[in-house]
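Hi there,

Here is the structure I promised to pass on. Have a look through it first, and then read my notes below.

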Amino acid sequence: MTAPNKSHGRKAIRPSFKPRELMTPTPDLVGVWKAKIMTLFPTAFPGVLGESLTGKALQEGLWQMETVDLRQFGVGKHRNVDDTPAGGGAGMVLRPDVLGHAIEHTMADTAGKWPLIYLSPRGRRMDQALMQDLAQCDGVTLLCGRFEGVDERVLEHYGIMEVSLGDFVMTGGEIAAQALIDATVRLLPGVLGNQASTEEESFSSGLLEHPQYTRPAEWKGRKIPDVLMSGHHGKIEKWRQDMSAEITKARRPDLWAAHEAKQQDGSDKD
């Protein structure tokens, strides 16, 4: 995606059953990456996403966010969204009829490359490659689960991708959704303001990032490595590469093995 042009005529015009305000603090902008979040707790957003660089970028229209309250699609006067698991067992499961209506409503005005993701502990683990792919999309819709999860038929019918924050269980998908959005939004053009930051950081080369230092030159008896104060850019770059390799081998042997395999595959093709 390219950085949106800050000019007139960016507001999207789409048919709607609900009248729109002529003036709104969050107009729907054309060509801007957007996160739609289906959740039982819409007030959890933007949360930390409204702070720092992601918050500034949100205010400037570099990305957009929309929350969809699942409760409005609930059944009966109490707006029930869940029911007991078929076959028995503890907890509750989000109903397929409720989720079906919510998904179709939320996805109705989406276009282009727009994945639908369910935050689930059994899904693919989040990584930088996923975030880079999502940053190239037109937007993403995230379903935040609660209770014991969602009816499997929903996942099958809509071809929903399951994505996990890690190998642990949380009470819901909202925190995982915020993590995914944060990691994706920072890759969008103009958000960080320095493209080199995303090119040199952890995982961009398949390795963990090298150590970072800043002033003062000495702190509590610990000095900045001499090579970083040398002004010799070639030596500095080699030191950083060596440290990235050393840290990755020690802390993430899985990443190091994948890196070596990729290097070997590249040399075989030469």
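How many disulfides does the structure hold? There are zero disulfides, where a disulfide is a pair of cysteine sulfur atoms within 2.5 Å. Cys137 counts as buried because its relative accessibility is 1%, and buried means under 20% relative accessible area with a 1.4 Å probe, protein chains only. Cys144 is also buried, at 1%.

A word on the source: this is a predicted model, in which local features need pLDDT of at least 70 and side-chain atom pairs count only at pLDDT 80 or more, while totals for chains, interfaces and linings use all residues. Residues are numbered from 1 along each chain as its sequence is written, and side-chain values use heavy atoms, with hydrogens and water left out.

The protein chain has eight helices and nine strands (DSSP runs numbered from the N terminus: H or I of at least four residues for helices, E of at least two for strands). Of its 270 residues, 39% count as buried.

Now to the inside. The largest nonpolar core (buried Ala, Val, Leu, Ile, Met, Phe, Trp, Tyr and Cys joined through side-chain atoms within 4.5 Å) has 29 residues, and Trp33, Trp63, Leu134, Leu142, Leu180 and Ile181 touch the most other members. Elements that each supply at least two residues of this core include strand S1 (34–39) and helix H5 (174–185). H5 gives the largest share, six residues. Another core, of 20 residues, lies apart from this one, and Leu94 and Leu143 are among its members.

Enjoy exploring!

Conventions
Buried means under 20% relative accessible area, exposed over 50%, partly exposed in between (1.4 Å probe, protein chains only).
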